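Colleague: Got a minute to walk me through this one? I'd like to start with how the chains meet.

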Amino acid sequence: MGGVIRSWRWPVVVGSALTIAAVPLVLRVLPVGGEHDDAAALLQRIVAARGAAYSGYAESTGALALPVGDEFNDVSTLLGGRTELRVWWRDDDEWRVDTLDPGGERSLRVSPSGSWSWDFEDNRATRAADAPAGTVRLPRADDGLPPALAARLLSGATDAQASMLAARRVAGRAADGLRIRPQDPQSSIDRLDVWADRESGIPVSVEVYGRGESRAAMSTTFLDFAPGRPPEAAISFTPPPSARVRISSRFDLVDAIARFSPAQPPDVLRGYPRQDPLAGTRGVGLYGSGVTQLAVAGLPGRRARSLDRQLQLAAGSHAVPAGTAVDVGPLALLLTRPDRSGIQWLLTGTMTPAGLSEAADELLHGQGAPS
Amino acid sequence: MIVVELGKLFRRRRTWLTIALLNLLPTIVAVLLAVTGIAPRPGQGPAFLSAVVANGSLFAIAALAIVLPLFLPISVAVVAGEAVAGESQAGTLRYLLIRPVGRTRLLVAKLVASTAYVLVSVLTVAAVGFVVGRLTLGNAPLSQSMVSVSGTLLTPGQIAWRTVLAIAFITFSMLGVAAMALFLSTLTDSPQTATLGALAFLIGSSLLLTIDAARPLQPYLPTRYWLTFVDLYRDPLLLSGVERGVGLQAVYVAVLLGAAWANFATKDITS
């Protein structure tokens with residue numbers, strides 16, 4: 001009798017352990033059901049949900065090891081590491097995005113009157129004037145949110161590029177999947193997979209794949225998500241009395257190049273018209289849309305030589321006839337040799353290495369007009 | 001039985017020496033910070049340590065963050081690893097079981113004693129950290145608000161209940177370590193083997209958390225959510241990581257204690 005009693009204990013424990021371990025697996029593979037079957041309609045729904053209000057907790061992961069120094073640490077972490085984000089989005093002019101660290105937090109709160117950024121571990125609050133949409137700037141944490149990344153990359157998407165993917169549960173909610181395969185031969189992006197919340201149409205998970213890659217170059221997904229307008233109190237900010245408060249001039253390296261670059265990029269490059277530059281940012285040219293985007297800037301000699309040395313030491317660096325190129329997954333960088341006026345052009349974007357080299361050749365043959 | 005086990009644990013000088021050593025490192029850190037005024041650079045070092053120079057009361061939380069990754073689990077693994085294997089090694093387990101005491105009851109008593117040790121250790125570290133922090137790093141009035149991680153002000157009442165939640169969460173996280181050490185303690189007659197086994201499990205978990213290739217495994221690693229107690233000091237309160245951490249630890253505790261019970265209840269006791 002004792003042997004019988006003893007014999008059931010281990011099977012009960014092992015069975016319970018296996019049951020518990022299987023629960024997340026079962027939840028993941030359980031069919032979501034009620035799927036859409038019209039990719040064009042889903043694409044329209046996602047586009048229509050642009051700017052919609054939501055709040056949540058997201059994790060973005062980049063696999064792009066950028067060859068940049070400490071001054072671009074935030075950008076290299078965003079594109080080449082894991083970032084945990086908390087967001088309250090009332091509309092495009094009023095939102096808050098917190099970047100969570102194990103021991104701190106960096107928060108950016110934007111309202112029509114300007115923005116506050118808060119760094120807990122530095123005990124610093126920084127006030128900045130409202131930056132107009134389209135301002136040339138480095139990528140920020142909020143660019144890694146699924147709705148923001150999807151909005152940027154889907155901007156040129158057409159119905160012909162879209163196909164359906166199996167629905168998934170994202171943050172415990174049903175989400176419909178859409179795959180975009182760009183037909184632009186100059187794009188380095190092979191495909192873009194987007195899952196949109198079935199209730200609101202807001203993108204809740206995005207994966208970006210480079211050509212010939214089976215692993216996503218960038219993926220971002222909500223772990224907690226709630227559509228609807230968050231309270232204003234979650235966004236408003238008053239610096240704590242003990243904090244160091246600064247007024248930012250928003251003047252960084254990108255601003256310096258945009259304002260004081262010795263040359264202006266051409267109006268058309270590789271067949272793409274230049275996007276309208278804002279006043280004071282004529283030094284940086286932006287071309288393309290959606291999954292094919294290119295940024296071009298003319299660099300003065302000293303800055304260009306320093307960058308050239310940095311790029312030559314970077315992994316994946318190689319010489320091309322036009323200068324020095326670095327391929328970081330689907331993101332390519334190229335610094336040209338000096339052109340006739342001594343200017344070196346920096347090109348970066350989601351273009352194939354061949355497309356980027358041809359763009360560099362076009363710039364070197366005198367398309368950029370010295371300012 | 002439970003009272004007997006608690007009495008045995010807390011009458012031992014070794015128990016109090018372990019707790020004293022646990023408090024030594026945060027105290028040294030507080031004194032060094034007070035003397036030099038050099039806090040770690042933002043984003044480096046244990047959580048809250050770069051902020052304690054401005055507010056000594058925060059050192060209670062910083063002290064927990066200092067001992068949480070290594071020293072606290074070591075002390076818990078030492079105590080829980082000794083629970084059954086220590087009796088076995090000393091040759092007293094046979095005599096314990098000769099009394100009219102069921103094995104399950106003895107295991108429950110050992111578990112309660114280990115849990116009590118975890119709670120006392122965590123509370124002591126928080127209390128000593130609070131006192132040391134205020135003595136060495138500044139004693140602002142307790143009625144003063146504290147700056148949350150998100151930059152808003154928390155009232156003393158909010159700080160108090162959030163700190164109670166943090167202590168409860170850390171204590172529960174340590175129960176996973178205690179359950180692992182207790183299970184191993186039923187497998188071996190050597191308390192050192194049980195302690196080292198539990199530590200190997202935790203070090204392996206911490207290592208896998210740093211490797212991107214192990215990402216699919218990471219949500220299931222026992223140490224994954226330990227440091228999310230920092231989320232209790234964000235505003236608005238962020239509970240998702242804490243909830244996941246509690247759920248994960250509950251599974252580990254249930255499975256490991258179940259395994260400890262299944263093994264100990266059917267084991268041949270020879271010493």
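Colleague: So, how many residues of chain B are in contact with chain A?

Modeller: Keep in mind that this is a predicted model. In it, 26 residues of chain B are in contact with 29 residues of chain A.

Colleague: Which helix of chain B gives the largest share of that side?

Modeller: That's helix H9, residues 240-266, with eight residues on the side of chain B that touches chain A.

Colleague: And how does that side divide into nonpolar, polar and charged?

Modeller: On chain B's side there are 18 nonpolar residues, seven polar and one charged.

Colleague: OK, switching to cores. How many residues has the largest nonpolar core?

Modeller: It has 84 residues. Among those with the most contacts inside it are Ala62(B), Ala63(B), Leu64(B) and Leu256(B).

Colleague: Which elements give two or more residues to this core?

Modeller: From chain A it's strand S5 (114-119), and from chain B it's H2, H3, H4, H6, H7, H8 and H9. The largest share, 14 residues, comes from H7(B).

Colleague: What about another core, apart from that one?

Modeller: Yes, a core of 43 residues lies apart from it, and Tyr54(A), Val87(A), Val110(A) and Ala175(A) are among its members.

Colleague: Back to H3(B). How many of its residues are buried?

Modeller: Nine of the nine, so H3(B) is largely enclosed by the rest of the structure. The run goes from Phe59(B) and Ala60(B) through to Ile66(B) and Val67(B).

Colleague: What do those buried residues pack against?

Modeller: They pack against H2, H4, H6 and H7 of chain B. Take Ala63(B): setting aside neighbours within four places in sequence, its contacts are Pro26(B), Val125(B), Ala126(B), Val128(B) and Gly129(B).

Colleague: And Ser57(B), where is its place?

Modeller: Ser57(B) is in the loop between helix H2 (13-36) and helix H3 (59-67) of chain B.

Colleague: Buried or exposed?

Modeller: Ser57(B) counts as buried because it has 22 C-beta neighbours inside 10 Å, and the cut-off for that is 20 or more.

Colleague: Which residues is Ser57(B) in contact with, leaving aside neighbours within four places?

Modeller: Phe130(B), Gly133(B), Arg134(B), Ala140(B) and Met146(B). Ser57(B) is also 8.3 Å from Leu142(B), C-alpha to C-alpha, with their positions 85 residues apart in sequence.

Colleague: Last one, on chain A: how many helices and strands?

Modeller: Chain A has seven helices and 22 strands. Of its 371 residues, 39% are buried.

Terms used
Residues are numbered from 1 along each chain as its sequence is written. Chains are lettered from A and ligands numbered from 1 in the order in which they are written. This is a predicted model: local features need pLDDT of at least 70, side-chain atom pairs count only at pLDDT 80 or more; totals for chains, interfaces and linings use all residues. Helices (H or I, at least four residues) and strands (E, at least two) are DSSP runs, numbered from the N terminus. A residue is buried if 20 or more other C-beta atoms lie within 10 Å of its own, exposed if 12 or fewer, and partly exposed in between; C-beta atoms are placed from the backbone. Two residues are in contact if their C-beta atoms, placed from the backbone, lie within 7 Å. Ala, Val, Leu, Ile, Met, Phe, Trp, Tyr, Cys and Pro count as nonpolar, Asp, Glu, Lys and Arg as charged, and the others, Gly among them, as polar. A nonpolar core is a set of buried Ala, Val, Leu, Ile, Met, Phe, Trp, Tyr and Cys residues joined through C-beta atoms within 7 Å.
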